[in-house]
Amino acid sequence: MDDLTDCRFTTRLERRHTFLREVGVSHLGFYADPSADLYKILQKAHGVTGLPTTFLIDSKSCLVGAMAGGADWASPDAYALIEAALRQ
C-alpha cells in the first residue's frame, strides 16, 4: 500500500514521516503532489470534491474501491474491505 499526500499538506512533510514512525508503520510508500495536478485529475475522473478521499488500487493500478470522507480504518468492516481488495 502507498500513501499519496495531498498538495495541501506538503509544507511540513516531515510530520507525516514522524507520525508514521510513531504508529509503527514501516512498509508504506510516501509520495507528495505539491502542484495539485493529481488532485485536479481525480476531481475530473472520479468526482473527488474534498479530503479525505481514499482510493484502493490493485497491483495492476486499477481502482477497486473509493471512499470520500473520514473512515475508521481500524474497524472490522475496513479490514474486510482491504482484505477483499488484496485478494483480487
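The average pLDDT of the protein, a predicted model, is 78, and 88% of the residues score at least 70. Among the elements, helix 2 (residues 37–46) has the highest mean pLDDT, 85, whereas strand 1 (residues 2–5) has the lowest, 57. The points below concern Ser 75, Leu 20 and a nonpolar surface patch that includes Val 23.

**Ser 75 and its polar contacts**

- Ser 75 lies in the loop that connects strand 4 (63–68) with helix 3 (76–87).
- Ser 75 has a relative accessibility of 17% and therefore counts as buried, the cut-off being under 20%.
- On one side, the Ser 75 side chain reaches the backbone oxygen of Asp 72 at 2.9 Å.
- The Ser 75 side chain also reaches the backbone nitrogen of Ala 78, at 3.1 Å.

**Leu 20 in helix 1**

- Leu 20 belongs to helix 1.
- Because its relative accessibility is 12%, Leu 20 is classed as buried.
- When residues up to four places away in sequence are not counted, Leu 20 touches Val 25, Leu 28 and Phe 30.

**Nonpolar surface patch**

- Phe 19, Val 23 and Val 25 make a nonpolar surface patch of about 250 Å².
- Val 23, a member of this patch, is located in the loop between helix 1 (13–22) and strand 2 (29–32).
- With a relative accessibility of 47%, Val 23 counts as partly exposed, because the class of exposed residues begins over 50%.
- Val 25 contributes to the patch and is also one of the residues that Leu 20 touches.

Key: Residues numbered from 1 in each chain as written. Predicted model: local features only at pLDDT ≥ 70, side-chain atom pairs only at ≥ 80, totals over all residues. Heavy atoms only, no water. Helix = DSSP H or I, 4+ residues; strand = E, 2+ residues; numbered from the N terminus. Buried < 20%, exposed > 50% of the residue type's maximum accessible area, 1.4 Å probe, protein only. Polar contact = N/O pair within 3.5 Å; in protein donor to acceptor, adjacent residues only side chain to side chain. pLDDT = per-residue confidence, 0-100. Patch = residues over 30% accessible without salt bridge, like charges linked within 9 Å, V, L, I, M, F, W, Y side chains within 5 Å. Areas by Shrake-Rupley, 256 points an atom, 1.4 Å probe, with all protein chains shown as cover. Salt bridge = Lys/Arg side-chain N within 4 Å of Asp/Glu carboxyl O. Contact = heavy atoms within 4.5 Å.
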